[in-house]
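The report below describes the architecture of one chain, taking the sheet, the helix pairs and the confidence of the model in turn.

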Amino acid sequence: MNHRAHPAPAGTARVPAQTRSEESARETGGHPAGTPAARGEHTHCEQPIPQPRPVVQRASVRGQILDALRTALASGELAPGEVYSAPALGERFGVSATPVREAMQQLALEGAVEVVPNRGFRVVERGARELAELAEVRALIEVPVMMRLARSVPAERWAALRPLAEESVRAAAQGCRATYAEADRAFHRAVLALAGNEQLVQIAEDLHRRAVPLRGGRADLMADAGEHAALLEALIAGELDAVRRLVAGHFATAG
């Protein structure tokens, strides 16, 4: 008689159907037929084969906490100058202190926070001068690359970036600085990725994260997003003078 396996209810672990060898194992004292134990042979000197254990995806937890902390920093929820402990943040996010501490160490490498011994992590305060310096460094890196790309990348490839520019406008309209920061970063990342230089993209992203200001309202975000749209249209049209002016202006107003 054939036995059909019924699907397990949602949310429960699936138990695989037993094979013929497993049925034979029950008949031979728990050992599959054909093995030394099933034939009555001594196996006390043989080491059992360890069963694979599920891998705990701790790195994914750390990544999620890192994203959540970046959002809290960009939105101002974690205030500049304030000190936060890993256990307190872990309780806030519903995780242990370990992934929070690991995520905070990454943010310290990025310059977003600094370690305060025996206390936790202080959110870095960036003044107008530091933001202006970061904007200048970004301009030194990104402007020449964008101008080179403007001369070599065909219009259809620029046109493919329209959804990202439109997304930055929608994010700006929401007035949420954290949401806009991610949309802004995605647009700049896509533009620079056309250069085919991953190191360039990573360095630019690091500078972008450092340069995100916590001040400014919806009007500032809308103006910045509008520059994305205007720049992209100039790139599509191949208007190099307009591209040069828009790119220079975009970084001059950053921060």
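## The three-stranded sheet

In this predicted model, three strands form an open sheet in the order β1-β3-β2, and their pairing is antiparallel. The edges are taken by β1 (83–84) and β2 (113–116), each of which has a single partner strand, so one side of each is left without a neighbour in the sheet. Helix α4 (residues 97–110) packs on this sheet, where it touches β2 and β3, and the direction of α4 makes about 120° with that of β2.

The pairing of β2 with strand β3 (residues 120–123) is antiparallel and runs over four bridges, and within it V116 has G120 of β3 as its bridge partner. These two strands, β2 and β3, form a hairpin with three residues between them, and in the turn N118 has a positive phi of about 65°. On the other side of the pairing scheme, β1 and β3 are also joined in the antiparallel sense, over two bridges, with V83 standing opposite R122 in β3.

## Helices α5 and α9

Two packed helices are described by the angle between their axes and the distance between the axes. For helix α5 (residues 128–152) and helix α9 (residues 198–211), the axes come within 9 Å and cross at roughly 155°. Because angles over 145 degrees count as roughly antiparallel, α5 is roughly antiparallel to α9, and α5 passes α9 in a left-handed crossing.

On the α5 side, the contact is made by L131, L134, V137, R138, I141, E142 and V145, while α9 contributes L200, I203, A204, L207, H208, R210 and A211. Divided by class, the residues in this contact of α5 with α9 comprise ten nonpolar, one polar and three charged.

## Helices α10 and α11

Further along the chain, helix α10 (residues 218–237) and helix α11 (residues 240–252) have axes that come within 9 Å and cross at roughly 160°. That angle makes α10 roughly antiparallel to α11, and the crossing in which α10 passes α11 is left-handed.

The residues of α10 that make this contact are D224, E227, H228, A230, L231, A234 and L235, and they meet A242, V243, L246, V247 and H250 of α11. By class, the contact of α10 with α11 holds eight nonpolar residues, together with two polar and two charged ones.

## Confidence along the chain

The average pLDDT of the chain is 79, and 74% of the residues score at least 70. Confidence in the chain is lowest in helix α1 (residues 20–27), where the mean is 42, and highest in helix α6 (residues 155–159), at 96.

Two stretches have pLDDT values that stay under 50. Over residues 1–46, where pLDDT stays under 50, the model has 24 contacts beyond four places in sequence. Over residues 48–57 the pLDDT likewise stays under 50, and for this stretch the model has zero contacts beyond four places in sequence.

Note on methods
Residues are numbered from 1 along each chain as its sequence is written. This is a predicted model: local features need pLDDT of at least 70, side-chain atom pairs count only at pLDDT 80 or more; totals for chains, interfaces and linings use all residues. Side-chain values use heavy atoms; hydrogens and water are left out. Axes are lines fitted to C-alpha atoms, for helices over the stretch in contact, and angles run from 0 to 180 degrees between N-to-C directions. Angles under 35 degrees count as roughly parallel, over 145 as roughly antiparallel, 65 to 115 as roughly perpendicular and the rest as oblique. A crossing is left-handed if the near helix is turned anticlockwise from the far one by less than a right angle, and right-handed if clockwise. Contact means heavy atoms within 4.5 Å. Ala, Val, Leu, Ile, Met, Phe, Trp, Tyr, Cys and Pro count as nonpolar, Asp, Glu, Lys and Arg as charged, and the others, Gly among them, as polar. pLDDT is the predictor's confidence in each residue, from 0 to 100. Two strands pair if DSSP finds at least two bridges between them.
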